2 protein chains.
Amino acid sequence: MSNSSSARGLSTGGATRIQKRNRAAILDAALDVFSTHGFRGATLDQIAGAAGLSKPNLLYYYKSKEAIYTALLEALLDTWLDPMRALDPEGDALGEILAYVRRKLDMSRSHPRESRLFANEIVQGAPHIHNALAGDLRALVDDKAALIQSWIDAGKLAPVHPHHLIFSIWSLTQHYADFDVQVRAVLGDEDPFAAAPGFLDTLYRRMLQP
Amino acid sequence: MSNSSSARGLSTGGATRIQKRNRAAILDAALDVFSTHGFRGATLDQIAGAAGLSKPNLLYYYKSKEAIYTALLEALLDTWLDPMRALDPEGDALGEILAYVRRKLDMSRSHPRESRLFANEIVQGAPHIHNALAGDLRALVDDKAALIQSWIDAGKLAPVHPHHLIFSIWSLTQHYADFDVQVRAVLGDEDPFAAAPGFLDTLYRRMLQP
DNA sequence: GCTCAATTTGACCAGCCGGTCAAAGGCACG
DNA sequence: CGTGCCTTTGACCGGCTGGTCAAATTGAGC
């Protein structure tokens, strides 16, 4: 035999070609469905249909709806936080912040489903990732907030509350993904991402220039 | 008889005392449930339980789940937009903007359920209020954006894209209600609303001071 | 306290939803 | 080409969900 263990619970490393293909298809389909309907609003039939599988086949790869959902959240959480991790203590303070804003805005444009997935989860009280928020996320944010504070103390940024500065970046950038329909309804034909980068750049320059 | 028509479809004006009480209880319960679970995630049993009624009794006052939901959205949409309507063309430009920000932030603190109700609806594509967004909301925003542009042209505000300025106010203020769990998970014991007003005041002063 | 509408309820239903299972079909390897 | 696992499927299940209905109860004006 070419594979010594069942599909359930395998790490992707030891997976069959078929397993890789189907698991990827499932997670992509699940991202589509969960991000537009939320956890409870999504159905296994929808996900199975979008992945091109039957429902029992879906459950052959992930043992429950919740297993799909948490696998998806775990796989995406790290990626989602990478732009913040990239804040470089050695870099130019204002330049680092502006680059972070730019990276987050780019993610809102290129990965709106991921943004809405987390938005749905958090608006509804983050029942599945509350631990990650109070653990890893908080530690990361505290670390970067301290970095920002050190920049302020060194006179490289105008004084602001570092945590609220970070919240503002999340809020302003993800707004374009999470509230996309509203933004487009108000703007009409104008592409939101045409003026957004310049607007945010100006906002943070004026606010943070020492 | 004291009342010539059935409960269904009555305007609140001609409603019995019992009708008023129960309809209010239903809408309050529905706000609780819909804002934390979204439309599809909410169940009639949850709403009926929270309102202290049986499910058939619930459906005696509103003929379907969707009827409750749309009644709730309609009743709240006007209230939700009042802070923007209050922008006064005759007032001091920067002061008007700062007061608007403050009103919106106060609504996030005092009415987080309403904020999350709309957040859920819009993140999931606004299937029930898309018309209101592209109609009334857009008209109102265009009107106020023109006002802001006139302030900019008169040299009373630093130049920014008026629509994106409005988006930023929605985003930054509602973030504290919609992403409450995340904000609190990161801040720990610190009350988000302690520093938020000062932070936003500073942000908009620095960005908009001509 | 009678009358009649307003209100409330228990029983019920059809459809959906997450999940199970045994059996059938593929696939790779000797 | 046979063996044995991997993969897929159709049929099915119990519980929940939105919604209905006829009957019972309550409330207000006379």
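**Close-up 1. The protein surface around DNA strand C.** In this predicted model, 23 residues surround DNA strand C, and Leu44(A), Lys55(A), Lys65(A), Gln19(B) and Tyr61(B) come nearest. A residue gets onto this list if one of its heavy atoms lies within 4 Å of the strand. Sorted by class, the surface near DNA strand C has nine nonpolar, ten polar and four charged residues. For that sorting, Ala, Val, Leu, Ile, Met, Phe, Trp, Tyr, Cys and Pro count as nonpolar, Asp, Glu, Lys and Arg as charged, and the others, Gly among them, as polar. Now look from the strand's side: of its atoms within 4 Å of the protein, 59% belong to sugar or phosphate and the rest to bases.

A few words on reading these legends. Residues are numbered from 1 along each chain as its sequence is written, while chains are lettered from A and ligands numbered from 1 in the order in which they are written. Since this is a predicted model, local features need pLDDT of at least 70 and side-chain atom pairs count only at pLDDT 80 or more, though totals for chains, interfaces and linings use all residues; side-chain values use heavy atoms, with hydrogens and water left out.

**Close-up 2. Chain B side chains at the backbone of DNA strand C.** Which atom of DNA strand C does Gln19(B) sit 2.9 Å from? The partner of its polar side-chain atom is a phosphate oxygen. Tyr60(B) also has a side-chain N or O atom by a phosphate oxygen of the strand, at 3.0 Å. For Asn57(B), a side-chain N or O atom is 3.1 Å from a sugar or linking oxygen. Two or more residues of the surface near the strand come from each of these elements: helix 3 (55-61) of chain A, and helix 1 (17-41) and helix 3 (55-61) of chain B.

**Close-up 3. Where chain A meets chain B.** The contact (heavy atoms within 4.5 Å) takes 54 residues from chain A and 53 residues from chain B. Together the chains bury about 4,800 Å², with 66% of it on carbon and sulfur atoms. Buried area here is the accessible area (1.4 Å probe) that two parts lose on being put together, summed over both. Val123(A), Val186(A) and Arg206(A) supply 15% of what chain A buries against chain B, more than any other three residues. How many salt bridges are there between chain A and chain B? The count is zero, where a salt bridge is a side-chain nitrogen of Lys or Arg within 4 Å of a carboxyl oxygen of Asp or Glu. There are, however, 18 residue pairs in polar contact across this interface (both at pLDDT 80 or more). A polar contact is a pair of N or O atoms within 3.5 Å; within protein, one must be able to donate a hydrogen and the other to accept it, and residues adjacent in sequence count only if both atoms are side-chain atoms. Helix 8 of chain A gives the most to its side of the interface, with twelve residues. By class, that side has 28 nonpolar, 19 polar and seven charged residues.

**Close-up 4. The two domains of chain A.** An automatic or database domain assignment divides chain A into domain 1 (1-63) and domain 2 (70-210). Their C-alpha centres lie 30 Å apart. Ten residues of domain 1 are in contact with nine residues of domain 2, and about 870 Å² is buried between them. Leu27(A), Leu31(A) and Ser35(A) supply 55% of the area that domain 1 buries against domain 2, more than any other three residues. Two salt bridges are counted between these domains. Arg113(A) and Asp32(A) form a salt bridge, with their closest N and O atoms 2.7 Å apart.

**Close-up 5. A salt bridge along helix 10 of chain A.** Chain A has ten helices and zero strands; helices (H or I, at least four residues) and strands (E, at least two) are DSSP runs, numbered from the N terminus. In helix 10, Arg205(A) and Asp201(A) are four residues apart, so about one helical turn separates them. Arg205(A) forms a salt bridge with Asp201(A), and their closest N and O atoms are 2.7 Å apart. Over all chains, the whole structure has 20 salt bridges.
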